[in-house]
Amino acid sequence: MTIRIGVQIQPQHADYDQIRDAARRAEEIGVDVIFNWDHFYPLYGEPDGKHFEAWTMLAAWAEQTSRAEIGCLVTCNSYRNPELLADMARTVDHISGGRLVFGIGSGWFERDYTEYGYEFGTAGGRLDALGEALPQIEARWEKLNPAPTRKIPVLIGGGGEKKTLKYVAKHADIWHSFSDVETLERKRGVLAGHCEAIGRDVNEIEISTAADSAEAAKPLYDAGARLFTYGVNGPDYDLKPLEDLVSWRDSVGA
């Protein structure tokens with residue numbers, strides 16, 4: 001499995017023209033995937049600072065870009081009906097010409113829930129809801145006319161060993177881990193066990209993680225990660241570390 005480089009353009013503390021320019025520059029640098037995130041308020045910095053919605057933005061990026069894949073890192077399952085979310089994803093898939101990565105997780109940022117009127121509930125309840133939504137989304141993709149342009153790759157973010165990694169084994173093409181090297185290696189072993197239980201090869205699942213430099217990426221690569229994403233905040237969107245990561249990808253050639 002080849003090395004891929006992603007960037008998460010965090011849609012906070014910036015005007016949209018700055019976000020649009022960052023996506024343009026990222027594609028010119030040669031990034032493989034351009035992500036945003038699915039929140040309604042900034043996660044850090046001024047809590048009431050500028051912020052934009054994720055899926056509307058992805059539709060714009062689908063028209064703006066031509067080569068890089070695009071997606072959320074990650075969509076919060078709680079914020080949209082799963083049938084509608086599947087249709088939204090299919091639509092962005094078509095607008096982009098088959099470049100959508102469908103990133104999804106159970107959700108965690110309580111302010112989003114309380115301000116927008118969603119029930120926050122418990123972490124376990126949100127994970128159960130994700131487990132119910134994933135087959136619904138897959139089933140809706142099979143019913144839609146026109147169908148998605150391809151099997152939309154599913155990325156699941158999170159590291160819960162009893163539920164999340166079981167969902168990864170059953171549904172995901174990509175697993176995004178928020179772990180350090182030691183934890184990543186251990187959790188990959190847990191994921192392998194879940195895969196074995198359902199007769200799936202764990203090597204079919206691309207391991208994704210965050211990295212802000214080649215030096216940070218190398219030990220994660222040795223632990224099995226192949227998609228490395230650099231997160232960058234507005235308003236300036238400094239992409240110099242992204243250039244270094246792309247250069248490392250090209251020098252390794254794996």
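Here is a walk through the structure above, from its overall form down to a few single residues.

Keep in mind from the start that this is a predicted model. The protein is built from nine helices and nine strands. How spread out is the chain? With 254 residues, a compact globule would have a radius of gyration near 18 Å, and the protein comes in at 17 Å, which agrees. If you draw a box along the principal axes, the C-alpha atoms fill roughly 45 × 45 × 40 Å. As for what is hidden from the outside, 53% of the 254 residues count as buried. The chain also brings distant parts of its sequence together: take the contacts between residues at least 6 apart in sequence, and 74% of them join residues at least 24 apart.

Now let's look at how some helices sit against each other. Two packed helices are described by the angle between their axes and the distance between the axes. Start with helix H2, residues 54-64, and helix H3, residues 82-95. Their axes are 8 Å apart and make an angle of about 20 degrees. Angles under 35 degrees count as roughly parallel, and H2 and H3 are therefore roughly parallel to each other. The crossing of H2 and H3 is left-handed. On the H2 side, the contact is made by Trp55, Leu58, Ala59, Ala62 and Glu63. H3 answers with Leu85, Met88, Ala89, Val92 and Ile95. Sort the residues of this contact by class and you get nine nonpolar, no polar and one charged.

A second pair lies further along the chain: helix H6, residues 164-171, and helix H7, residues 181-198. Here the angle is about 50 degrees, and the axes are 9 Å apart. H6 and H7 are therefore oblique to each other, and their crossing is right-handed. H6 brings Leu165, Lys166, Val168, Ala169 and Lys170 to the meeting, while H7 brings Lys187, Val190, Leu191, His194, Cys195 and Ile198. By class, that contact holds seven nonpolar, one polar and three charged residues.

It's worth staying with H6 for a moment. How many of its eight residues are buried? Six of them are, which leaves H6 mostly covered. Those buried residues are Thr164, Leu165, Tyr167, Val168, Ala169 and His171. They pack against H7, but also against H5, E6 and strand E7, which spans residues 174-176.

From the H7 side, pick out Cys195, a residue of that helix. Is Cys195 buried or exposed? With a relative accessibility of 0%, Cys195 counts as buried. Setting aside its neighbours within four places in sequence, Cys195 is in contact with Ala169, Arg200, Val202 and Ile205. Ala169 is a residue you have already met, as one of the buried residues of H6. For a sense of distance, compare Cys195 with Ala123: the two are 72 residues apart in sequence and 23 Å apart in space, C-alpha to C-alpha.

Finally, a few spots in the backbone deserve a look. Most residues other than glycine have a negative phi, and most peptide bonds are trans. Where does the chain depart from this? Two of the places are cis peptide bonds. One joins Leu73 and Val74, with omega at about -5 degrees. Val74 sits in the loop between strand E3 (69-72) and strand E4 (75-76). Another cis bond joins Asn145 and Pro146, with an omega of about 5 degrees. You will find Pro146 in the loop between helix H5 (123-143) and strand E6 (154-157).

Positive phi values turn up as well. His13 has a phi of about 60 degrees although it is not a glycine. It lies in the loop between strand E1 (4-9) and helix H1 (16-29). Buried means under 20% relative accessible area, so His13, at 16%, is buried. Towards the other end of the chain, Tyr237 has a positive phi near 55 degrees and is likewise not a glycine. Look for Tyr237 in the loop between strand E9 (227-232) and helix H9 (240-252). Tyr237 is buried too, with a relative accessible area of 1%.

How values were computed:
Residues numbered from 1 in each chain as written. Predicted model: local features only at pLDDT ≥ 70, side-chain atom pairs only at ≥ 80, totals over all residues. Heavy atoms only, no water. Axes fitted to C-alpha atoms, helices over the stretch in contact; angles between N-to-C directions. Helix = DSSP H or I, 4+ residues; strand = E, 2+ residues; numbered from the N terminus. Parallel < 35°, antiparallel > 145°, perpendicular 65-115°, else oblique. Left-handed = near helix turned anticlockwise from the far one by under 90°. Contact = heavy atoms within 4.5 Å. Nonpolar A, V, L, I, M, F, W, Y, C, P; charged D, E, K, R; others polar. Rg over C-alpha atoms; globule rule 2.2 N^0.38 Å. Buried < 20%, exposed > 50% of the residue type's maximum accessible area, 1.4 Å probe, protein only.
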